[in-house]
Amino acid sequence: MAFLPSPSQSVWHLGPFPIRAYALCIVAGILVALWVTSRRMVERGGTKEDVWDISGWAVVFGIIGGRLYHVFSDPELYFEGKPGTHPLDAFKIWDGGLGIWGAVALGGVGALIGCRRKGVKWTSYADAVAPGLVLAQGIGRWGNWFNNELFGGPTSLPWKLQIHCLSVTVGHAQAGGVADGGHACPPGSTIAGYFQPTFLYESLWDIALAGVLIYLDRRFRLGRGNLLATYVMGYTLGRIWIEALRSDPANHILGLRLNIWTCIIVFLIGAIWFVRHGGFQAERELTPYTGERAGSEPADEDRPVDGGEPVGVEGGSDDGAGD
């Protein structure tokens, strides 16, 4: 039967320096998000420089928040004295383990700090970043594929995912080892079995959601943070059913995985924001700036051409790149 393969190696070495696929996927997602956000911010009357300055705060805070959520939601991986674990492993981000909830929450705080320093409206930046953010999540999920982790239950579907007993510490599969979630490999084999490819489901959902957000933004020219609220609702809806398919160990509350409860709460927050701020009638702000910068002009390279939208932004370009 057909199956989807997984890499048997996730780390390569350039001399003494390890190159980890998980980290590369995260970095690739961040760069794509910055590129998309820069183009969208220019269309709103801002500049690319503002995006990079603000995003610097958001990325740093987001990585810290993502790691904190992961560690606090799965403390047994670091603090319960189990064989092969150590509290200092909590700092090893390169081995994997970033919770999107902490990343978005603390990343939003970082963005707020950056926006205030640059005189940019936080809601304008949030709406500009939303499609790039979920696209970055879709790209970052491929780091889980390289690490052979966060898959679903056993399955015989034609698109089942082959999982190796891969150690993220050494960076390659080990015969007779243990895969993520405790699935053991038989002696002489590195294959733990075939499982639901939940990483792929989430990646495809995220990429599709990015396209939906761009369409809705063009159709309704959403503002006041409502495109970000739409992202929140769309992402959590997908994550609920994907989370229900996952088989990796997780803390449960009233029989449901912790992340499912988080999805429900975050969805409600997004829905309340969306309704209270005008829904699809919330028009985009006339300027992304506050105070003295509200009347400032965009940089020359960011100016619209011939009175239209900036080149390469939301219908203002025919180069096929778009958002």
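In the predicted model, Trp12 is placed opposite Ile19, a residue of strand S2. The two strands concerned, S1 (residues 11-14) and S2 (residues 17-20), run antiparallel and are joined by four bridges. Two residues lie between S1 and S2 in this hairpin, and within the hairpin Gly15 adopts a positive phi near 65 degrees.

Beyond this hairpin, the secondary structure of the chain as a whole amounts to eight helices and eight strands. Of its 323 residues, 48% are classed as buried. Among contacts in the chain with a separation of 6 or more, 76% are accounted for by residues that stand 24 or more positions apart. The accessible surface of the chain was computed at about 15,700 Å², and carbon and sulfur atoms contribute 67% of that area.

Part of the surface takes the form of a nonpolar patch of about 400 Å², to which Val60, Ile64, Leu68 and Phe72 contribute. One of these residues, Ile64, belongs to helix H2, which spans residues 48-73. The relative accessibility of Ile64 is 44%, and this residue is therefore classed as partly exposed, since that class covers values between the limit for buried residues, under 20%, and the limit for exposed residues, over 50%. The same value is compatible with the place of Ile64 in the patch, because patches are made of residues with over 30% relative accessible area and no salt bridge.

Terms used: Residues are numbered from 1 along each chain as its sequence is written. This is a predicted model: local features need pLDDT of at least 70, side-chain atom pairs count only at pLDDT 80 or more; totals for chains, interfaces and linings use all residues. Side-chain values use heavy atoms; hydrogens and water are left out. Buried means under 20% relative accessible area, exposed over 50%, partly exposed in between (1.4 Å probe, protein chains only). Contact means heavy atoms within 4.5 Å. Accessible areas come from the Shrake-Rupley method with a 1.4 Å probe; for residues, only the protein chains shown count as cover. Patches are made of residues with over 30% relative accessible area and no salt bridge: like charges are joined within 9 Å, nonpolar side chains (Val, Leu, Ile, Met, Phe, Trp, Tyr) within 5 Å. A salt bridge is a side-chain nitrogen of Lys or Arg within 4 Å of a carboxyl oxygen of Asp or Glu. Two strands pair if DSSP finds at least two bridges between them.
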